[in-house]
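Here's a quick briefing to read with the model open beside you. Take a look at the ligand and what surrounds it, then move on to the strands.

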Amino acid sequence: MSPYDAVVIGAGAAGLFCAGIAGQLGARVLLIDHSPKVGEKIRISGGGRCNFTNRDAGPANFLSDNPHFCRSALARYTPQDFIALVQRHRIAWHEKHKGQLFCDESAEDIIAMLLRECEQGNVTRWQPCAVAGVRQSGDGFEVDTDRGPVRSRRVVVATGGLPVPKIGATDFGLRLAREFGLRTTDTRPALVPLTFDAADWAPFVPLAGLSLPVNITSGDGEFLEDLLFTHRGLSGPAVLQISSFWRGGTPITIDLAPGVDLADVLKAAKGTSRRKVANELPQHLPARLAEAWLAGRPLAERPIADTRDKDLQDLAASLQAWSLVPNGTEGYRKAEVMAGGVDTKGLSSQTMESRAVPGLYFIGEVVDVTGWLGGYNFQWAWASAAACGRAI
Ligand code: FDA
């Protein structure tokens with residue numbers, strides 16, 4: 001008889017949490033990771049303070065080919081449930097912007113908490129230990145590892161997404177899903193900076209480092225967040241958010257002065273201001289941005305009082321509906337998550353078990369459920385792990 005009821009592959013956020021829950025419910029669990037350390041992405045998350053959940057997380061904050069799939073798991077393990085766990089472990093936390101909850105001290109506190117939960121569930125941990133493959137055998141599976149073959153009735157794949165390969169990300173989960181006949185949806189870097197052709201971007205390079213609040217749209221996405229100009233393109237929360245909605249070859253549209261009707265304001269200034277356009281615009285926008293925007297335009301040197309309404313309207317439109325087509329993203333090296341993954345049509349939304357291969361489960365980022373920026377991806381890791389951990 002196998003000494004394990006379940007082998008969990010991947011000791012990141014989802015794998016650690018799932019192993020702890022299943023162990024505490026009585027399952028004999030083996031948790032395997034090929035990295036020497038557990039939870040590397042937790043460690044680097046949230047600038048080292050781990051934005052571990054979002055108080056307001058709900059299905060509307062996730063992208064997936066099937067937006068309904070995440071509902072059940074999110075409803076059965078909520079941000080409040082995770083906050084209660086964090087409080088039970090006496091981890092101090094605070095709320096930042098828009099419901100985002102961070103550790104006061106360090107992301108290491110969350111890792112230590114997950115390890116204590118695993119200890120309480122008598123979880124066995126093997127690492128570093130590579131997994132070469134998984135195959136069906138009898139009424140369960142045989143998992144080929146560096147430490148020899150392991151038999152188990154259940155296998156949970158929690159190997160995460162493709163971002164940041166240098167800390168252990170692999171396509172193992174996607175490949176394994178396909179080997180077992182599960183479909184995977186197209187994958188792409190998400191929550192990632194966007195890049196532009198060097199020649200097109202040259203006028204904006206002097207703005208590198210400038211940050212300002214904007215309204216940004218692309219596809220079905222729209223966010224009011226801070227934008228950051230970089231040497232190669234655009235970043236900051238606004239762009240990371242919209243990158244998940246952006247598809248290659250399509251434009252993003254940015255309002256650089258949200259909440260203001262620039263055309264109205266500039267036209268009104270005609271009656272009261274003796275300034276040139278170049279001196280009037282910085283009254284309503286960061287000076288560096290106004291300067292770069294007007295560079296080389298004859299309009300800049302014109303007194304605003306003598307400028308045609310049409311020219312002011314065009315100037316305002318160029319700033320408030322700035323439409324530009326990125327040439328790509330900074331890729332998996334800089335992405336926070338992978339969009340796409342194991343197709344949810346092949347999984348039970350109650351347990352994360354494969355419909356076609358009983359006993360095989362997929363949880364966390366490897367599944368085609370991608371959260372917005374702001375603690376949502378960890379909430380999905382916890383919620384999908386809880387759904388699975390309670391079932392195995
Ligand atoms: P995760 O990547 O955590 O774990 C996968 C594990 O599987 C790893 O330990 C890996 O070593 C292991 N593994 C991979 N292949 C294997 C193989 N072949 N054999 C054995 N083991 C294997 N989210 C959020 O909500 N708030 C935040 O603050 C941040 N911040 C953040 C910052 C940065 C820089 C990044 C890159 C990402 C974030 N995220 C985030 C996203 C979040 O980290 C991510 O969504 C979760 O960690 C996903 O949890 P998983 O357990 O699914 O994968």
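The shell around the ligand is a mix: 12 of its residues are nonpolar, 14 are polar and four are charged. Keep in mind that you're looking at a predicted model. In total, 30 residues surround the ligand.

**Around the ligand**

- The closest residues to the ligand are Ala14, Asp33, Thr170, Glu365 and Phe378.
- Asp33 uses its side chain here: one of its N or O atoms sits 2.5 Å from an oxygen atom of the ligand.
- With Asn51, it's the backbone that does the reaching, as a polar backbone atom there is 2.9 Å from a nitrogen atom of the ligand.
- Asn377 joins in with its backbone too, placing an N or O atom 3.4 Å from an oxygen atom of the ligand.
- How much of the ligand's accessible area does the protein cover? On its own the ligand has 1000 Å² of it, and the protein covers 92% of that.
- Three elements each give two or more residues to the shell: α1 (13-24), α2 (40-44) and α13 (376-391).
- Which of them gives the largest share of the shell? That's α13, with three residues.

**A serine in helix α13**

- While you're at α13, find Ser384, which lies in this helix.
- Is Ser384 buried or exposed? Its relative accessibility is 0%, so Ser384 counts as buried.
- The side chain of Ser384 doesn't go without a partner: it reaches the backbone oxygen of Trp380 at 2.8 Å.

**The insert named in the record**

- UniProt, in an unreviewed entry, lists residues 188-337 as "domain: RsdA/BaiN/AoA(So)-like insert".
- Across residues 188-337, the chain is 29% helix and 23% strand.
- Follow that stretch from one end to the other and you'll find the end C-alpha atoms 9 Å apart.

**The seven-stranded sheet**

- Now trace the open sheet of seven strands, which runs in the order β17-β16-β13-β14-β15-β12-β18 with antiparallel pairing.
- The edges are β17 and β18 (328-329), and each of these pairs on one side only.
- As a bit of background, strands of a sheet pair through backbone hydrogen bonds, either parallel or antiparallel.

**Who pairs with whom**

- β13 (residues 211-218) and β14 (residues 221-229) run antiparallel and are joined by eight bridges.
- To spot this pairing, look for Ser211, which stands opposite Leu228 in β14.
- These two strands form a hairpin with two residues between them, and Gly219 in the turn has a positive phi of about 55°.
- β13 also has β16 (residues 252-255) as an antiparallel partner, this time through three bridges.
- In that pairing, Thr217 stands opposite Thr253 in β16.
- Elsewhere in the sheet, β12 (residues 194-195) and β15 (residues 233-235) pair in the antiparallel sense over two bridges.
- Thr195 is your marker for this one, as it stands opposite Gly233 in β15.

**Out at the β17 edge**

- β17 covers residues 322-324, and Ser323 lies in it.
- At 48% relative accessibility, Ser323 counts as partly exposed, because that class runs between 20% and 50%.
- Ser323 and Thr250 are 73 residues apart along the chain, and their C-alpha atoms are separated by 9.8 Å.

Conventions. Residues numbered from 1 in each chain as written. Predicted model: local features only at pLDDT ≥ 70, side-chain atom pairs only at ≥ 80, totals over all residues. Heavy atoms only, no water. UniProt positions renumbered as here; feature names shortened; annotations may be inferred. Helix = DSSP H or I, 4+ residues; strand = E, 2+ residues; numbered from the N terminus. Near = heavy atom within 4 Å. Polar contact = N/O pair within 3.5 Å; in protein donor to acceptor, adjacent residues only side chain to side chain. Areas by Shrake-Rupley, 256 points an atom, 1.4 Å probe, with all protein chains shown as cover. Nonpolar A, V, L, I, M, F, W, Y, C, P; charged D, E, K, R; others polar. Pairing = 2+ DSSP bridges. Buried < 20%, exposed > 50% of the residue type's maximum accessible area, 1.4 Å probe, protein only.
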